[in-house]
Amino acid sequence: MAAEDSVDAIAEDRERQRYQPSVETEPVEPSGSLAAALQAACDGAVRFDEYTRVLYATDGSVYSAQPAGVVFPQDVGDVRAAVRVAADHDAPVLPRGAGTSLAGQTVGPGCVVLDLSRHMDEIQTIDPDEQTAVVQPGVVQDDLDAALEPHGLRFAPDPASSNRATIGGGIGNNSTGAHSVRYGITDAYIEECEVVLADGSLIRTRDVVLDSPEWDHIVSKDDREAAIYRTVRALVEDNADEIESRYPELKRSVSGYNLQKVIREDEAGEQIINLSKLLVGAEGTLGIVVEATLSLVTRPDETALAVCCYDELLEALAAVPEALDLDASAVELMDDEVFRLAAESAEYAEYAEPIPEGTEAALMLEFDSEVVEDLPDAIAGATATLVGEGAAFDALEAFTSEEQDRLWKLRKAAIPLLMSMEGDPKPYPFVEDASVPPAELAEYVAGFQEILESHDTTAAYFAHAGVGTLHIRPVLNLKDGDDVETMRAIADDVTDLVAEHNGSFSASTATASHGRSSTPSCTAPNSGTRSRSSNRRSTRTGG
């Protein structure tokens with residue numbers, strides 16, 4: 001077993017064994033008629049046994065809810081059939097990819113889970129000239145990138161879970177990763193989608209010019225697609241001022257529906273509507289994506305890393321605005337808890353060895369040859385700015401692919417290392433995805449630390465400092481009822497803190513199952529951006 005796989009396996013095993021706060025719901029009674037109807041309608045396997053329901057009751061989050069059963073669709077026809085049968089039985093449908101979601105997107109009480117990762121995992125076409133690819137939702141991102149590598153291309157969003165996360169899950173969550181400083185998030189790279197709606201009908205979303213012959217043809221019909229186009233246009237136009245004033249201007253924000261992106265003006269001055277942008281980040285509440293056309297980016301010929309080391313966390317965070325002025329393609333944070341766990345791990349100790357003693361936090365900056373002309377000069381400039389003139393006390397430099405790979409493995413090891421901590425208290429992901437303007441990041445984290453201190457706990461800190469998104473995981477013992485209540489109290493306090501700093505409660509992993517309707521406090525009360533729990537009908541999705 002590979003070193004990375006062994007740590008991941010230990011972490012996943014412990015995640016399954018730990019206490020999971022329950023979702024309040026009536027006990028799920030297996031429905032014989034529902035299972036029988038699905039078996040009759042679908043070619044793919046249908047599993048309503050207790051073992052399968054327990055397996056699909058959890059994901060990468062702290063939430064747990066047992067579904068009614070699981071369907072493994074073999075094709076689009078199976079998805080459409082399953083949706084129709086579920087609608088006839090008034091059962092919600094939950095499409096699922098790899099289950100890496102951190103906000104409970106892939107669990108739901110009494111739902112019919114559609115596992116799209118087993119069969120619907122084909123890369124259908126790659127067009128190097130147009131820099132596009134057409135894929136099914138179950139394609140694993142690393143598999144896609146491996147297929148694109150010979151063409152010098154890649155899919156820009158790069159979540160740390162890319163070796164198992166699916167493209168469909170990334171669309172549902174509007175995911176991104178370390179390079180969002182340069183590339184942004186998933187919605188920028190979804191051009192078209194083939195979508196199964198709640199009645200089982202199939203539509204293709206794409207760019208449509210408003211009031212064009214194509215628009216008139218679509219809305220002239222008496223069907224669900226026409227109603228959706230008319231409704232979305234009216235919703236956006238009627239609430240234009242509210243949408244503009246309320247949506248946070250952040251590189252990463254996935255709270256609420258993408259109403260601010262569904263209609264845009266192109267270079268010719270025409271108004272374009274693309275419902276694909278609305279589907280991204282909707283967690284499947286608007287439809288099930290069964291095929292997506294992706295836009296791709298070129299791979300830089302060369303990259304280099306500078307890891308600047310600080311003896312205080314807040315000093316590292318205060319340096320983020322300066323780091324962003326250096327044309328870095330990624331600005332990532334790691335803290336001393338990650339370094340400690342890595343040093344104690346047989347699998348990762350060698351990667352933590354170069355980190356200087358006394359490092360409480362480190363900023364890792366990546367530069368690439370498509371952005372800067374001279375990589376050694378860029379690294380020297382970063383060191384001069386952040387160490388020579390700043391608060392960092394040392395810097396590591398990495399120019400070879402081997403050196404850089406080791407540092408990236410250390411950064412990507414954060415989640416499995418934290419999940420594999422010994423003992424009952426563990427760092428849990430329930431408020432870890434907030435994003436604030438980078439200039440306010442140090443002040444935000446100082447306020448977060450005050451909240452933790454008031455609840456007599458600490459946290460681990462890592463992730464995407466360059467876009468104001470830190471994965472902060474408070475250490476709690478969720479086998480203890482008091483700590484479960486503490487978890488809820490911390491979530492409420494942090495939600496208010498995020499709003500105070502003009503932030504978004506969810507920046508890359510979405511908002512599915514947070515206990516409090518946290519989204520309204522950060523967005524508009526009347527523009528359709530409320531917590532998605534109130535909008536669920538027959539579909540939702542996850543990673």
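Which residue in β12 does Val 208 stand opposite? The residue is Ile 273. The structure is a predicted model, and this report covers a small sheet and then the salt bridges.

**The sheet**

β10 pairs with strand β12, residues 271-273, in the antiparallel sense, and 2 bridges connect them. Both belong to an open sheet of 3 strands, ordered β10-β12-β11, with antiparallel pairing. Its edge strands are β10, at 208-209, and β11, at 263-265, each of which pairs on one side only. Strands of a sheet pair through backbone hydrogen bonds, in a parallel or an antiparallel manner.

**Salt bridges**

The model has a count of 22 salt bridges, taking a side-chain nitrogen of Lys or Arg within 4 Å of a carboxyl oxygen of Asp or Glu as the rule. The table lists some of them, including the N to O distance for each pair.

| Basic residue | Acidic residue | N to O distance |
|---|---|---|
| Arg 182 | Glu 370 | 2.9 Å |
| Arg 340 | Glu 344 | 3.1 Å |
| Lys 479 | Asp 424 | 3.1 Å |

Arg 182 and Glu 370 meet through their side chains in a salt bridge. This pair links distant parts of the chain, 188 residues apart: Arg 182 sits in helix α7 (residues 180-183), and Glu 370 in the loop between β17 (361-368) and α16 (375-388). Arg 182 has a relative accessible area of 31% and is therefore partly exposed. Glu 370 is also partly exposed, because its relative accessibility is 37%.

How exposed are the two members of the Arg 340 and Glu 344 pair? Arg 340 has 34% relative accessibility and so counts as partly exposed. Glu 344, at 56% relative accessibility, counts as exposed, because the cut-off for that class is over 50%.

In the third pair of the table, the side chains of Asp 424 and Lys 479 meet in a salt bridge. Asp 424 lies in the loop between α18 (414-419) and β19 (426-427), and Lys 479 in the loop between β21 (469-476) and α20 (481-500), so the salt bridge ties together parts that are 55 residues apart in sequence. Asp 424 is partly exposed, at 35% relative accessibility. Lys 479 is exposed, with a relative accessible area of 55%.

Salt bridges can also share partners: those among Glu 192, Glu 194, Arg 204 and Glu 291 join these residues into one network.

Conventions
Residues numbered from 1 in each chain as written. Predicted model: local features only at pLDDT ≥ 70, side-chain atom pairs only at ≥ 80, totals over all residues. Heavy atoms only, no water. Helix = DSSP H or I, 4+ residues; strand = E, 2+ residues; numbered from the N terminus. Buried < 20%, exposed > 50% of the residue type's maximum accessible area, 1.4 Å probe, protein only. Pairing = 2+ DSSP bridges.
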